[in-house]
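This report introduces a protein to a reader who has not met it before. Please look over the sequence and the structure, and then read on for a description of how the parts fit together.

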Amino acid sequence: MTSTYLIRGAKQLLTLRGAAGPRRGPALADLGIILDGAVLIEDGIIKEVGPSRRLTNLASAREATEIEAYGKVVLPGFVDSHTHLVCGPPRLKDYEMRIAGKTYAEIAANGGGILSTVRSVRSWTWRRLEAEARKVLRRMGEHGTTSVEAKSGYGLDETSEFKLLRAARHWDARPLDIYSTFLGAHAVPPEFEGRADDYISWLCTDMIPAVARRRLADYADVYCDQNAFTVEQSRRYLQAARLAGLKPRIHASQFANLGAVQLAVEQGAMSADHLEQIAEAEVRALAQSNVVATLLPGSVFHIGSSRYPPARQLIEAGAAVALATDFNPGTSPTYNMQMVLALACTQMRMTPAEAIAAATVNGAHALGIAGQVGSIEAGKQADLLLMDISDYREIPYHFGVNQVELTFKRGEILQKEKEPAWDINDL
Ligand code: NIG
Ligand code: FE
């Protein structure tokens, strides 16, 4: 049974309505605020948006369950457009090594890093991976995320990559929408040690077509960086992906600048993500393209770096900037987009308004789903949040805490579920 809701009396209703494309430059700060705003939701869809006085008088609102938002803020659900949702356990040894001063590359060379998660994922059952990811997803929802991109890339062989992609695709009654990405080119697996070119060839000829044929992913991603894949290897991978109908995305210039941004533009990628090492000329190239610049300040914070991507330059040059968690066990184990907004504001000098638009409507553009989600407009999915604050600037201001009172996903209130009674380690 579907419900009809009238959310009314919101002190600030952030609609994020606006032009069709991603928000760039000054438009990024335009939240389309309605004071004393209301939203009418029917059958999971937003029917009407406007001043409370008008919506309350509508005949269609008479039967609706009323949600009193007096003095509070209503905004679109966050679109987390870059996560490694299905992954193994936390990497606590890596964390302590990092605190002791080791770099990301040194930790990987000492038995940690991506390949240590690959070892765990290969040994975990599909059911255990799915159960763990479901827990993360529920927490993301409680923190205000309503759409999630989920990458594979911790299996790196056929069985394990399928296992990860199936775990992300499986749920019938999943609480949030998941959009899957094949990240076969995340690291060179032990079977191909020293033979990165051969691994890429195998991904191109075997894995990419198999993933596409089984409809296990919408996008393909490559980690183009030092200790990962070169521009030439990344190009081959993305060309094969496009040929198979998977839309390209790139982990670009996180630790070293190999020229991944140019490759993203050349390949018409949906997004270039990270960008800590981006050069000035590349900022301009991105700004003139349709590639969304997805910034992941949680990963910069967690690895203890102070080199954040140049958000201000990107915005001022006119690039389409999005924000995401990069949820993963190595560099960004957070579920909380509100914390990502706080980092974007204090560390990258984005304004609270810019950060909110980057985490909602521009995140939706990074995934190509802005026709359905990312703003509160009639006809879109009713994915929205009621926050117990009286000004949207409080979202990043109260860093590290959860301001979400209610999450609406497709017009239904996401119930705070209890943690399962069984122990995940028994699966
Ligand atoms: O986005 N750098 C590549 N991928 C991840 C980290 C993965 C890991 O350390 O497990 C990232 O930061
Ligand atoms: Fe990532």
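## Two domains and a metal site

The domain assignment of this protein, which is shown here as a predicted model, gives domain 1, made of residues 4-77 + 375-413, and domain 2, made of residues 79-367. Taken over C-alpha atoms, the centres of domain 1 and domain 2 are separated by 29 Å.

Where the two domains meet, 32 residues of domain 1 are in contact with 34 residues of domain 2. The size of an interface is often given as the accessible area lost when the parts come together. Between domain 1 and domain 2 the buried area is about 2,600 Å², and carbon and sulfur atoms give 62% of that area.

Polar and charged groups also take part in this interface: 13 residue pairs are in polar contact across the interface of domain 1 and domain 2, counting pairs with both residues at pLDDT 80 or more. On the side of domain 1 that touches domain 2, at least two residues each are supplied by strand 5 (73-76), strand 14 (384-387), helix 16 (394-397) and strand 15 (404-409). Strand 15 gives the largest share of that side, with 4 residues. By type, the residues of the side of domain 1 that touches domain 2 divide into 18 nonpolar, 8 polar and 6 charged.

The count of salt bridges between domain 1 and domain 2 is 2, while the count for the structure by the same rule comes to 23. Two salt bridges are set out below.

| Salt bridge | Closest N to O distance |
|---|---|
| D177 and R410 | 3.1 Å |
| R134 and E130 | 3.0 Å |

R134 and E130 both belong to helix 5 (residues 126-142), where they lie 4 residues apart, about one turn of the helix.

Which residues of the protein act as donors of the iron ion (ligand 2)? They are H82, H84 and H251, each through its NE2 atom, together with D326 through OD, and these donors lie 2.1 to 2.4 Å from the iron ion. Along the sequence, the donor residues of the iron ion are spaced H-x1-H-x166-H-x74-D. Distant parts of the chain are linked by the pair H84 and D326, which are 242 residues apart. H84 is found in the loop between strand 6 (78-80) and helix 2 (92-99), whereas D326 is found in the loop between strand 13 (321-323) and helix 13 (337-348).

Key:
Residues are numbered from 1 along each chain as its sequence is written. Chains are lettered from A and ligands numbered from 1 in the order in which they are written. This is a predicted model: local features need pLDDT of at least 70, side-chain atom pairs count only at pLDDT 80 or more; totals for chains, interfaces and linings use all residues. Side-chain values use heavy atoms; hydrogens and water are left out. Domain bounds come from an automatic or database domain assignment. Contact means heavy atoms within 4.5 Å. Buried area is the accessible area (1.4 Å probe) that two parts lose on being put together, summed over both. A salt bridge is a side-chain nitrogen of Lys or Arg within 4 Å of a carboxyl oxygen of Asp or Glu. A polar contact is a pair of N or O atoms within 3.5 Å; within protein, one must be able to donate a hydrogen and the other to accept it, and residues adjacent in sequence count only if both atoms are side-chain atoms. Ala, Val, Leu, Ile, Met, Phe, Trp, Tyr, Cys and Pro count as nonpolar, Asp, Glu, Lys and Arg as charged, and the others, Gly among them, as polar. Donors are N, O and S atoms within 2.8 Å of the metal (3.2 Å for Na, K and Ca); water is not among the atoms, so sites may look incomplete.
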